[in-house]
Amino acid sequence: MAGKPKLYYFNGRGRMETIRWLLAAAGVEFEEQFCETREDLLKLRQDGYLLFQQVPMVEIDGMKMVQTRAILNYIAGKHSLYGKDLKERALIDMYVEATMDLNEIIMHHPLQPPEAKAKHLASIIEKATTRYFPVYEKALKDHGQDFLVGNRFSRADVQLLETILMAEECKPDILSKFPVLQAFKARISNIPTIKKFLQPGSQKKPPLDAKLLPKVMSIFNIGNE
């Protein structure tokens, strides 16, 4: 029997957080090994663990997987969170890629210099409420089903909920004009595996804060490579 997946990253969100979300949604227990220092990351590189010298890296089913999208695709496919056919998968991919675009913008907010934060936050809110959320609101309203694609739970639902919650950290009432998404958020949050992941004490990580930021920048040598 294969062991639990093992996740290699720093002790924070970053690009690993969506992987944590998807494993948790699938009901898969996982272990984590945190890069606490620059040396920890360099050792993973030197030991040949990182195909492209980068984390996230996930040990799963005898593989050392890198590249966030490749890891997510594998988990989604393995745990039946990727649609029933190629067309559904294509639709899921379109939704997910857009969600990840917004996720990336939000993820980079703590890295902004103080003088740029207000403008960057305004950009997040503008893009979320005019480019991304209206699409999901309309899709759910038009087909009247509980889930984004094929009337079954998929990674598209998981990743949209993750990004909605991140956007609400930026602006708590960001869904005020999206009643269908409000209902979607409540519904998906109540799925047992996700409800468990949202409880205090889970492996879900908090937003990157001023205390963790210098450590992350040191581990990844941000600004110097």
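Let's start at a turn: strands E3 and E4 form a hairpin with two residues between them, and Asp61 in that turn has a positive phi of about 50 degrees. Keep in mind that this is a predicted model. From the hairpin, the tour widens to a sheet of four strands, the helices lying across it, and a nonpolar core of 70 residues.

**The hairpin and its sheet**

- Strand E4 covers residues 63–66 and runs antiparallel to E3, with four bridges joining the two.
- Within this pair, Glu59 stands opposite Lys64 of E4.
- On another pairing, E3 (residues 57–60) meets strand E1 (residues 6–9) in the antiparallel sense, over three bridges.
- Tyr8 has Met57 in E3 as its bridge partner.
- Taken together, the four strands make an open sheet in the order E2-E1-E3-E4, with mixed pairing.
- Strand E2 (31–34) and E4 each have a single partner strand, so these two stand at the edges with one side left without a neighbour in the sheet.
- On average, neighbouring strands of this sheet are turned by 20 degrees against each other, direction ignored.

**Helices across the sheet**

- Helix H1 (residues 17–25) lies across E1, E2 and E3, and its direction is at about 165 degrees to E1.
- Helix H3 (residues 68–78) lies across E3 and E4, the two strands of the hairpin, and runs at about 125 degrees to E4.

**The nonpolar core**

- The largest nonpolar core has 70 residues, and those with the most contacts inside it are Ile19, Phe133, Tyr136, Leu148, Phe153, Leu181 and Ile194.
- Helix H6 (residues 155–170) gives the largest share of this core, nine residues.
- Leu148 is a good residue to click on: leaving aside neighbours within four places in sequence, Leu148 is in contact with Tyr95, Tyr136, Ala139, Leu140, His143, Ala156, Asp157 and Leu160.

**Where H5 meets H7**

- Helix H5 (residues 117–143) packs against helix H7 (residues 179–189) at an angle of about 80 degrees, and their axes are 8 Å apart.
- That angle makes H5 roughly perpendicular to H7.
- The H5 side of the contact consists of Phe133, Tyr136, Glu137, Leu140 and Lys141, which meet Pro179, Val180, Leu181 and Phe184 in H7.
- By character, the residues of this contact divide into seven nonpolar, no polar and two charged.
- Phe133, Tyr136 and Leu181 link this contact to the core, being among the residues with the most contacts inside it.

Key:
Residues numbered from 1 in each chain as written. Predicted model: local features only at pLDDT ≥ 70, side-chain atom pairs only at ≥ 80, totals over all residues. Heavy atoms only, no water. Pairing = 2+ DSSP bridges. Core = buried A, V, L, I, M, F, W, Y, C linked by side-chain atoms within 4.5 Å. Buried < 20%, exposed > 50% of the residue type's maximum accessible area, 1.4 Å probe, protein only. Contact = heavy atoms within 4.5 Å. Axes fitted to C-alpha atoms, helices over the stretch in contact; angles between N-to-C directions. Parallel < 35°, antiparallel > 145°, perpendicular 65-115°, else oblique. Nonpolar A, V, L, I, M, F, W, Y, C, P; charged D, E, K, R; others polar.
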